[in-house]
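Please take a moment to look over the sequence and the model below before reading on. The paragraphs after it are meant to be followed with the structure open.

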Amino acid sequence: MKKYNYHSHSYRCKHAFGTDEEYILAAIQAGYQILGFSDHAPYRDYPSRTSHMDWDQLDDYLFSISRLKEKYRDQIEIHLGLESEYYDYCFDERRELKDKVEYLLLGQHFSDPSGKEVNYFRNNTDEEILGYAKSVCEALDTGLFTYLCHPDVYMNRQTEFTEVCEKAAHMIAQKAVETNTPLEVNIRGSIRGKMPFNTGERFYYPNRDFWAIASQYPIRCVLGVDAHHPKDLLEAWEYVDACREELRDLDLHFIEEPLM
């Protein structure tokens, strides 16, 4: 199995660090055969100071990764993508972006592109959790996205796995099967170790309760480093092992062949 990561960011999103080339050099040092860049995609009408690149940074991003892909072609396989939320009123814009890159990843962080409404990383209401699941399912139906990043992100701060949380997990897993879309086991939530919750200590994500539901379906899984700093690629496999241990007895099938 090739050592891969399709989920890497850049300084342009305003909450990641390091140059594009530094990520590549770190990946080579760590023994990756495949590195995909998928920085947070811009929105023409919704600039952000904290969560995604601006539209006028897009051309520089595309040029930089394409140039480095050629420069390091004999050392590592590099792919150019973007991570994006999905909102139906931005569909044409997302389709336009997909035409500019090799792949789009779905990462539904917010309920609106400004990031000022619901943030799914916090403790959410039942309505918000079901809203997250519904928007993810609608996004997967479009066929725009190569895989779904951190599908369990809505459990990040939830104090317990309620019936609504369980329903959301079933909705997402079922739609992943229907659309043949892989789900990402994202290791970034394990970096701070296990944290205390009402039901005991656990990672922010991957969330074992979510993946226990997902494992009931014939889903395909990928690992995602979600790198926000070159060192994340150097240290990733320590956290991969911790995540595998957390999910060790669940029937999850990880994709072994390259995604593209």
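What follows goes from strands to unusual backbone geometry and then to pockets.

The model is a predicted one, and a convenient place to enter it is strand S4, which spans residues 103–106. In a regular strand the side chains alternate between the two faces of the sheet. In S4 both faces are covered, since Tyr103 and Leu105 are buried on one side, while Leu104 and Leu106 are buried on the other. The word buried is used here for residues with under 20% relative accessible area.

Strand S4 has pairing partners that can be traced in turn. Strand S3, made of residues 77–84, runs parallel to S4 and is joined to it by four bridges, and within this pairing Leu82 has Leu104 of S4 as its bridge partner. To get from S3 to S4 the chain passes through helix H3, residues 91–100, in a β-α-β crossover that is right-handed. Strand S5 also pairs with S4 in the parallel sense, here over two bridges, and Leu105 stands opposite Tyr147 of S5. The path from S4 to S5 leads through helix H4, residues 126–142, and this β-α-β crossover, too, is right-handed.

The backbone deserves a separate look. Most residues other than glycine have a negative phi, and most peptide bonds are trans. Which residues have a positive phi although they are not glycines? Lys14 is one of them, with a phi of about 80°, and His150 is another, with a phi of about 25°. Lys14 is placed in the loop between strand S1 (4–5) and helix H1 (20–30), whereas His150 is found in the loop between strand S5 (147–148) and helix H5 (163–179). As for their surroundings, Lys14 is partly exposed, with a relative accessible area of 31%, but His150 counts as buried, at 1% relative accessibility. A further point to inspect is the peptide bond from Tyr205 to Pro206, which is cis, with omega near 5°; Pro206 itself sits in the loop between S8 and H6.

The last topic is the open space in the model. Rolling a probe the size of a water molecule over the atoms shows where empty space is left. The largest pocket holds about 470 Å³ of space, and of the 24 residues that line it, His15, Phe121, Arg188, Tyr205 and His228 are the closest to its centre. Tyr205 thus appears here as well as in the cis peptide bond to Pro206. Helix H7, residues 230–246, supplies the largest share of this lining, with four residues. By class, the lining of the largest pocket divides into five nonpolar, ten polar and nine charged residues.

The second largest pocket has a volume of about 160 Å³. Its lining is made up of 14 residues, and those nearest its centre are Thr199, Arg202, Asn207, Arg208 and Asp209. Strand S8 (200–202) and helix H6 (208–214) are the elements that give two or more residues to this lining, with S8 providing the largest share, three residues. The loop between these two elements is the place of Pro206. Sorted by class, the lining of the second largest pocket has four nonpolar, four polar and six charged residues.

Technical notes. Residues numbered from 1 in each chain as written. Predicted model: local features only at pLDDT ≥ 70, side-chain atom pairs only at ≥ 80, totals over all residues. Heavy atoms only, no water. 1 Å grid on protein atoms, 1.4 Å probe; cavity = no way out; pocket = protein on both sides within 12 Å on 5 of 7 lines; lining within 4 Å. Points joined across faces, edges and corners; volume = space filled by probe spheres on them. Nonpolar A, V, L, I, M, F, W, Y, C, P; charged D, E, K, R; others polar. Buried < 20%, exposed > 50% of the residue type's maximum accessible area, 1.4 Å probe, protein only. Pairing = 2+ DSSP bridges. Right-handed = clockwise from strand over helix to strand, strands pointing away.
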